Amino acid sequence: MLWGIDLGGTKIEVAVLKDNDTLEEVLRKRIPTEGDGGFDHIVRRVHALVNMAAAEIGVYPDKIGMGTPGTTDPSTGLMKNSNTVCLNGTKFHERIQEVLGIPIEMANDANCFALAEARFGAGKKYPDARVVFGVILGTGVGGGVVVEGKVIQGKHGIGGEWGHILLDEGGDTCYCGKSGCVETVISGPSLQRYYHRLTGTKRLLPEIVQRHLNGSDPEATQTILRLTQQFGKGIAQVINILDPDVIVLGGGVGNIDALYTDGVAAVNKWIFNDHCETHFERPLLGDSAGVIGAALLTQM
């Protein structure tokens, strides 16, 4: 059996898969993260969830894969870049292995998403695909790289982090300390701020999209045009470096239809080729991708 844990800001989920070949689940269970309790409390919550799951199925795991917000720096062993900020600067990976008493294979949650979609989701539509890039496009912007079935985390543990490519020098300041990152231009909150600057009115992104589709709001249309054009520019840089066979777009912003038409068309302006043959796909696994990908880490 394969055990996976998806550690999120609001919930911790465990899934136990029957084997490596199917998505058949033996068990799935989730509990609140209670991140306000701090680092040690999160460790205890993970431990409690594993014990509950083990008691329910009658066996304790010998290995677990875990998807986390942020990543473990390979050179220091410290967690970094996590929006669950109490994890940053801690030896979370080392501590969780110590408490659970078993090896833990750990990766960023975007890498887990990419791995699951490559193996059992949208990437499965293309059996010859060697490189799959998974995009998280929502409140933030992230990504994960899978090459021949393996996650590429990289020298610094930041493989796939296209959300912090410079996209617009005049853009907003990012939490990373730089300005104009992809995340400050085409994430959901960034698009909402852009619309607010244009109109003086605050609207949520789904309403902006609907007003664009209705043809009733030129500023809404301008906001969606910004999304598609800047998406094409940003993702073309990924294609120029990795040249993936498939790109899977996850996250709430990834549901916007215009990305798959105007957004993909915009790639052609920036790609180092006369046209783009990369397959752009919607995810097929929904919110299960993170925990499934985490379980698959145990087979890498």
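This passage describes three helix pairs and one surface patch in a predicted model.

Helix H1, which spans residues 39-57, packs against helix H2, formed by residues 92-100, at an angle of about 40°, and the two axes are 10 Å apart. H1 and H2 are therefore oblique to each other, and their crossing is right-handed. On the H1 side, the residues that meet H2 are Phe39, Ile42, Val43, Val46, His47 and Val50, whereas H2 contributes Phe92, Arg95, Ile96, Val99 and Leu100.

An oblique arrangement is also found for helices H5 and H6, which comprise residues 188-199 and residues 205-214, respectively, and which pack at an angle of about 60° with their axes 9 Å apart. Because angles of 65 to 115 degrees count as roughly perpendicular, those under 35 as roughly parallel and those over 145 as roughly antiparallel, this angle makes H5 oblique to H6. The crossing of H5 and H6 is left-handed, and in this pair Gly188, Leu191, Gln192 and Tyr195 of H5 meet Leu205, Ile208 and Arg211 of H6.

For helix H3 (residues 109-120) and helix H9 (residues 289-296), the axes come within 7 Å and cross at roughly 85°, an angle that makes H3 roughly perpendicular to H9. The contact involves Cys112, Phe113, Leu115, Ala116, Glu117, Arg119 and Phe120 on the H3 side, and Ala289, Gly290, Ile292, Gly293, Ala294 and Leu296 on the H9 side.

Apart from the helix pairs, the surface of the model was also examined. Met1, Val26 and Val59 together make a nonpolar surface patch of about 240 Å²; of these residues, Met1 is located in the segment that precedes strand S1, which itself covers residues 2-7.

Methods. Residues numbered from 1 in each chain as written. Predicted model: local features only at pLDDT ≥ 70, side-chain atom pairs only at ≥ 80, totals over all residues. Heavy atoms only, no water. Patch = residues over 30% accessible without salt bridge, like charges linked within 9 Å, V, L, I, M, F, W, Y side chains within 5 Å. Areas by Shrake-Rupley, 256 points an atom, 1.4 Å probe, with all protein chains shown as cover. Salt bridge = Lys/Arg side-chain N within 4 Å of Asp/Glu carboxyl O. Helix = DSSP H or I, 4+ residues; strand = E, 2+ residues; numbered from the N terminus. Axes fitted to C-alpha atoms, helices over the stretch in contact; angles between N-to-C directions. Left-handed = near helix turned anticlockwise from the far one by under 90°. Contact = heavy atoms within 4.5 Å.
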